[in-house]
Amino acid sequence: MQRKLYDADHEAFRETVRTFLAKEVTPHYEQWEQDGIVSRGAWLAAGRQGLLGLAVPEEFGGGGNEDFRYSAVLAEEFTRAGAAGLAVGLHNDIIGPYLTSLATDEQKRRWLPGFCDGSLITAIAMTEPGAGSDLQGIRTTAEDRGDHWLLNGSKTFISNGILADLVVVVAKTTPEGGAHGLSLLVVERGMDGFERGRNLDKIGQKSQDTAELFFNDVRVPKGNLLGELNGAFIHLMTNLAQERMGIAVAAIAAAEHLLEITMEYVKEREAFGRSIAKFQHIRFEIAEMATECAVTRTFLDRCIEDHDKGALDAVHASMAKWWATELQKRVADRCLQLHGGYGYMTEYRVAKAFTDGRIQTIYGGTTEIMKEIIGRSLLP
């Protein structure tokens, strides 16, 4: 089924992304995996290539294009390349909207040029050891001290946590306000009391630095409040649909790519004197996965179209995120099985995809949270 989502400009951009990956990422990726972190040079290279700040206005060094389809192309190609470590999607599609929609003119002039050229790497710090999806459980506090906020607390599982120069921190500014007493504060590299813990050892996405962050009496200037005071809950909810769409797009791209790899493998692999692709069971497995991918792709393309029109709601974004990531998990498991013992070897792409992709049903809102959002809309 021919896709109608992209036009010639998107496909030209796809070639640019593939060239960038082949030159700046793939040759170095194995070393980054061993190091547990990507090089800052890769971020600068992405900035030079125009891959950062796609939706940031041109006056601040960005691409000035809010068409989410370009972000979808990025997600698809980075996924196909197995390059999860260079978290361009997090930077562009999750943190970028906070800066472009909430920052003051002064803040935009201060932060966005570096955001776009790769010299200022970003992270968002929401999750805490005792609070994952539950915003009301956040314990990090920011006390108003007149000309600054005094920030105390800790965060964990923070992507880009080691490399980040700018961290958007969710903190409690009105203790009695619950989820509606939270604000977004921007903490910058070098602020006294801002410390990074260990680079967490994950089962997958080894080159994507994920860290613990600690804030001990950090003096955050009043000028670093992002958005409205006590407005973090609304700000976070506003941007979640795009975050979940980005994860969903990467998920279906991963499933499709794994299916392609596995189809080639079963054609070449022989058992009992013939290609295993000749066995009915193998053909049925491939047929089932191909059909599920085709149906999911059609739904996601429609969601992307709706998102570009500003018509995608939280429920359908949750459906997309839940379904696509669970499909990715199933496909990775089945494709590894079809590879047999070779699928368990890290030198095979399917093994790496199996561990790298496992986080997809967890971050950005777990599958269980997605179902709860959908269920509440149907049975309020």
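Two residues are in contact when heavy atoms of one lie within 4.5 Å of heavy atoms of the other. That term is used throughout this walk through the structure, which is a predicted model.

The N-terminal part comes with a label from a record. An unreviewed UniProt entry lists residues 8–118 as "domain: Acyl-CoA dehydrogenase/oxidase N-terminal". Over residues 8–118 the chain is 70% helix and 0% strand. The C-alpha atoms at the two ends of this stretch are 27 Å apart.

Two helices, α4 (residues 88–102) and α5 (residues 105–117), can be taken as a pair. Two packed helices are described by the angle between their axes and the distance between the axes. For α4 and α5, the axes come within 10 Å and cross at roughly 160°. Angles over 145 degrees count as roughly antiparallel, so α4 is roughly antiparallel to α5. The crossing in which α4 passes α5 is left-handed. On the α4 side the contact is formed by H91, N92, G96, L99, T100 and L102, and on the α5 side by Q107, K108, W111, L112 and F115. By type, the residues of this contact are five nonpolar, five polar and one charged.

Further along the chain is another pair, helix α6 (residues 232–268) and helix α7 (residues 280–308). Their axes come within 10 Å and cross at roughly 155°. The two helices are therefore roughly antiparallel to each other, and the crossing of α6 and α7 is left-handed. From α6, the residues that make the contact include Q242, M245, A248, V249, I252 and A253, and also E256, L259 and M263. From α7 they include I282, I286, M289, A290 and C293, along with R297, L300 and H307. The residues of the contact of α6 with α7 divide into 17 nonpolar, four polar and two charged.

The last stop is a single residue, T361. It sits in the loop between α9 (349–356) and α10 (367–378). Is T361 buried or exposed? Its relative accessibility is 5%; the cut-off for buried is under 20%, so T361 counts as buried. Which residues does T361 touch, leaving aside those up to four places away in sequence? They are K321, T325, E326, K329, T366 and T367. A distance back to an earlier part of the chain can be added: T361 and E77 are 284 residues apart along the chain, and their C-alpha atoms are separated by 20 Å.

Key: Residues numbered from 1 in each chain as written. Predicted model: local features only at pLDDT ≥ 70, side-chain atom pairs only at ≥ 80, totals over all residues. Heavy atoms only, no water. Axes fitted to C-alpha atoms, helices over the stretch in contact; angles between N-to-C directions. Helix = DSSP H or I, 4+ residues; strand = E, 2+ residues; numbered from the N terminus. Parallel < 35°, antiparallel > 145°, perpendicular 65-115°, else oblique. Left-handed = near helix turned anticlockwise from the far one by under 90°. Nonpolar A, V, L, I, M, F, W, Y, C, P; charged D, E, K, R; others polar. UniProt positions renumbered as here; feature names shortened; annotations may be inferred. Buried < 20%, exposed > 50% of the residue type's maximum accessible area, 1.4 Å probe, protein only.
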